[in-house]
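Trainee: Could you take me through one spot in this model up close, and then show me what's around it?

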Amino acid sequence: MNVLTRNFAQNLFKYNGAGLIQATARCFSTPALDGKEIEKLVHNNKVVVFMKGNPDAPRCGFSNAVVQILRMHSVKYDSHDVLQNEALRQGIKDFSNWPTIPQVFINGEFVGGCDIMLQMHQNGELIDELKKAGIESALAKEGEK
């Protein structure tokens, strides 16, 4: 098992001289991806989602909500499963200065997470934001009928 690819805590025990065993913990973690690598990912498509799981099998309710919103709008997007790569998970949080997953980028700009996407979907701002990126929302097409 490669220490650099997994987060884990290792308990170390030592005798403290008073007849007691003292436990300490060390934490090893993978360094985050640098900003240039993340920058390439967020500009690889007009819409990019960093999520837990993938669009066919989201692994958290918030990621699932973002997938459902984008499906309603018929948006094609790149997705990246942060559960598969701890360096990506921490790197995207550092890059966006946003502590939670999922994270959505449109035209290379950080839009937000699930709560912001839901709010934008409900108030119609998401249709406008997609339009700025040259994406026509399926919901906008339905509204024209």
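Mentor: Sure, one term before we start: buried means under 20% relative accessible area, exposed over 50% and partly exposed in between (1.4 Å probe, protein chains only). This is a predicted model, where local features need pLDDT of at least 70, side-chain atom pairs count only at pLDDT 80 or more, and totals for chains, interfaces and linings use all residues. Residues are numbered from 1 along each chain as its sequence is written, and side-chain values use heavy atoms, with hydrogens and water left out.

Now take Gly108, which is buried at a relative accessible area of 12%. Gly108 sits in the loop between E7 and strand E8 (109-112); helices (H or I, at least four residues) and strands (E, at least two) are DSSP runs, numbered from the N terminus. Setting aside neighbours within four places in sequence, Gly108 touches Val42 and His43, contact being heavy atoms within 4.5 Å. Glu39 is 69 residues from Gly108 along the chain, yet their C-alpha atoms are separated by 7.8 Å.

E7 (103-106) leads us to H2, since the buried residues of H2 pack against E7, strand E3 (47-51), strand E5 (57-58), helix H4 (114-123) and helix H5 (125-132). Those buried residues are Ser63, Val66, Val67, Ile69 and Leu70. Down the axis of H2 they fall within an arc of 160°, so they line one face of the helix (the arc is of directions from the helix axis to the C-beta atoms). Just past the end of H2, Ser74 has a positive phi of about 55°.

As for H4 and H5, Met117, Met120, His121 and Asn123 in H4 meet Glu125, Leu126 and Glu129 in H5.
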